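Here's a walk through one model, sheet by sheet and then across the domains. Have the structure open alongside as you read.

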Amino acid sequence: MAKTITFTVQPGGSLNGQARVPGDKSISHRSIMLGSLADGVTHVKGFLEAEDALATLQAFKDMGVVIEGPKNGELTIHGVGKHGLKAPQKPLYLGNSGTSMRLLSGLLAGQAFDSILTGDKSLSGRPMKRVTDPLAQMGAVIETTEKGTAPLHIKGQDGKLKGIDYQMPMASAQVKSCLLLAGMYAEGATRVTEPAPTRDHTERMLSGFSYPVEKEGAKVTITAEGRLTAADIDVPSDISSAAFFLVGASIAPGSDIVLNHVGINPTRTGVIDILRLMGANIEILNERIVGGEPVADLHVKSAPLKGIDIPEELVPLAIDEFPVLFVAAACAEGQTRLTGAEELRVKESDRIQVMADGLQILGVDAQSTPDGMIIQGGKIGSGSVESHGDHRIAMAFSIAGLRADGKIVINDCENVNTSFPEFIEIAPALGLKLQSEQG
Ligand code: S3P
């Protein structure tokens with residue numbers, strides 16, 4: 001049986017110094033997918049060497065793509081071209097990674113071979129109908145369990161998909177990206193309209209690989225008329241990993257940190273906007289464009305935070321950062337209210353319930369609602385909380401230690417390795433009194 005990992009955080013301290021957090025997870029996944037389908041050789045720098053992105057990498061190796069690395073975040077992908085993938089000899093195991101499964105379901109639906117996608121317990125409980133329903137409208141044949149979950153048995157349609165005009169019922173970059181990848185193998189145009197802006201890395205990177213995509217307001221259009229040409233990729237640091245320290249430095253008095261080379265794509269910066277509305281002191285320095293993505297160094301100093309009603313339009317732009325934003329709310333003066341965030345219930349865990357339960361154990365007045373949470377800021381106590389195998393829950397409760405009045409123990413932290421294995425080194429180097437133990 002896999003070893004369990006427990007985090008123990010001693011209370012107090014501040015964060016000081018500089019850090020470069022690892023590469024962006026969303027961009028890392030897409031670099032493997034598009035690099036594999038390109039004509040030519042793609043070099044990637046800054047690739048996230050963590051379990052989720054490595055699951056995507058392994059899946060493409062299983063489909064015959066030669067990929068060298070990763071070594072110090074560098075990869076060389078020998079692209080096989082849009083029609084060059086080979087039938088995998090076994091089910092593709094995607095671990096904890098929703099992005100891998102949802103994007104691959106679209107990409108594989110139009111291939112000349114069949115495939116099976118599987119995942120761990122959490123991924124096997126997550127909703128897949130949001131991708132299999134629109135894919136079925138395109139002519140895809142995908143079998144799920146009765147509940148609409150993985151494993152996904154995909155019967156490749158060998159280029160026989162048909163483009164659709166799809167209005168997404170929820171704001172999801174994974175659904176949008178899935179359909180755009182399927183649209184590369186469909187007859188006619190595939191048009192996807194989103195109800196609110198979501199991360200646009202797929203669109204940007206397709207263009208970076210010279211594949212035609214059209215964007216008109218909330219609608220993105222793609223056709224099968226195009227090829228991908230290899231393009232070098234420099235992956236910025238993941239703002240979703242930086243977020244733990246944006247909050248940590250904001251809430252811990254005496255903190256002053258710089259986070260270097262962070263991706264600040266405007267579809268990802270909701271966490272900065274929300275923290276600033278709460279009174280955080282975050283400066284964006286040295287803004288530049290690296291490989292088609294905006295990047296900057298973020299300078300954060302501690303500041304007294306106040307509770308707010310989080311604007312709903314910021315929710316999809318900060319969707320992965322709410323676990324740690326709830327910790328910020330617990331340290332703020334007054335009430336913070338989140339609404340319109342029911343998507344949080346179907347992430348790696350039910351992030352509304354799991355965070356409300358853990359915060360209550362720590363003595364915080366946190367009330368879950370169907371689509372969000374109401375938190376009264378105040379004191380954080382001590383106690384033992386469950387991460388439910390969710391990486392971002394584990395790291396969020398670690399950050400709470402900076403303002404706790406006693407020790408916090410966090411159980412079931414193995415999955416921090418899915419997105420941020422270096423957390424256990426970078427966080428203590430900045431000043432968090434964190435210890436990780438294998439049991
Ligand atoms: C992701 C999209 C988001 C996010 C996930 C990564 C992506 O999911 O939560 O961590 O890379 O496209 P949804 O699009 O389902 O909200």
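## A mixed sheet with both chain ends

Ile5 stands opposite Gln438 in β25. Keep in mind that this is a predicted model. The pair belongs to a longer match: β1, covering residues 5-9, is joined to β25 by five bridges, and the two strands run antiparallel.

Zoom out a bit and you'll find that these two strands sit in an open sheet of four, ordered β23-β24-β1-β25, with mixed pairing. At the edges are β23 (383-386) and β25 (434-438), each of which pairs on one side only. Going from one strand to the next, the twist averages 20°. There's a helix on this sheet too: α12 (residues 423-430) packs on it and touches β1 and β25. The direction of α12 makes about 155° with that of β25.

## Two domains

The protein splits into domain 1, made of 5-23 plus 236-438, and domain 2, which runs 25-234. Taken over C-alpha atoms, the centres of the two are 28 Å apart. For the contact, domain 1 puts in 29 residues and domain 2 puts in 26 residues.

How much area is buried between domain 1 and domain 2? It comes to about 2200 Å², and carbon and sulfur atoms give 45% of that. On the domain 1 side, three residues stand out: Arg268, Glu348 and Thr418 supply 22% of the area that domain 1 buries against domain 2, more than any other three residues.

## Polar links across the interface

Three salt bridges are counted between domain 1 and domain 2. As for polar contacts, 13 residue pairs turn up across the interface, with both residues at pLDDT 80 or more. If you want to know which elements of domain 1 to look at, try β19 (293-301) and α11 (391-400): each supplies at least two residues of the side that touches domain 2.

Another pair to pull up is Asp320 and Arg199, which form a salt bridge. The closest N and O atoms of this pair are 3.2 Å apart.

## The β4-β5 hairpin and its odd backbone

Strands β4 (residues 66-71) and β5 (residues 74-78) run antiparallel and are joined by four bridges. Within this pairing, Ile67 stands opposite Ile77 in β5. The two strands make a hairpin with two residues between them.

Two backbone details are worth a look here. Asn72, in the loop between β4 and β5, has a positive phi of about 50° although it is not a glycine. Then there's Pro70, which is found in strand β4 itself: a cis peptide bond joins Gly69 and Pro70, with omega about 5°.

## Two more hairpins

What sits in the turn between β14 and β15? Gly217 does, with a positive phi of about 60°, and the hairpin has two residues between its strands. Strand β14 (residues 213-216) and strand β15 (residues 219-222) are antiparallel and share four bridges, with Val213 standing opposite Ile222 in β15.

Strands β18 and β19 also form a hairpin with two residues between them, and in this turn Gly291 has a positive phi of about 55°. Here β18 (residues 281-290) pairs with β19 over eight bridges in the antiparallel sense. Glu283 stands opposite His299 in β19. Recall that β19 supplies at least two residues of the domain 1 side that touches domain 2.

## Another four-stranded sheet

Another open sheet has its four strands in the order β6-β7-β9-β8, with mixed pairing. Strands β6 (92-93) and β8 stand at the edges with a single partner strand each, so one side of each is left without a neighbour in the sheet. For β8, the pairing with β9 is antiparallel and runs over three bridges. One of the facing pairs is Glu143, which stands opposite His153 in β9.

The loop between β8 (141-143) and β9 (152-155) holds Pro151. What kind of peptide bond joins Ala150 and Pro151? That bond is cis, with omega about 5°.

Note on methods. Residues are numbered from 1 along each chain as its sequence is written. This is a predicted model: local features need pLDDT of at least 70, side-chain atom pairs count only at pLDDT 80 or more; totals for chains, interfaces and linings use all residues. Side-chain values use heavy atoms; hydrogens and water are left out. Two strands pair if DSSP finds at least two bridges between them. Axes are lines fitted to C-alpha atoms, for helices over the stretch in contact, and angles run from 0 to 180 degrees between N-to-C directions. Contact means heavy atoms within 4.5 Å. Domain bounds come from an automatic or database domain assignment. Buried area is the accessible area (1.4 Å probe) that two parts lose on being put together, summed over both. A salt bridge is a side-chain nitrogen of Lys or Arg within 4 Å of a carboxyl oxygen of Asp or Glu. A polar contact is a pair of N or O atoms within 3.5 Å; within protein, one must be able to donate a hydrogen and the other to accept it, and residues adjacent in sequence count only if both atoms are side-chain atoms.
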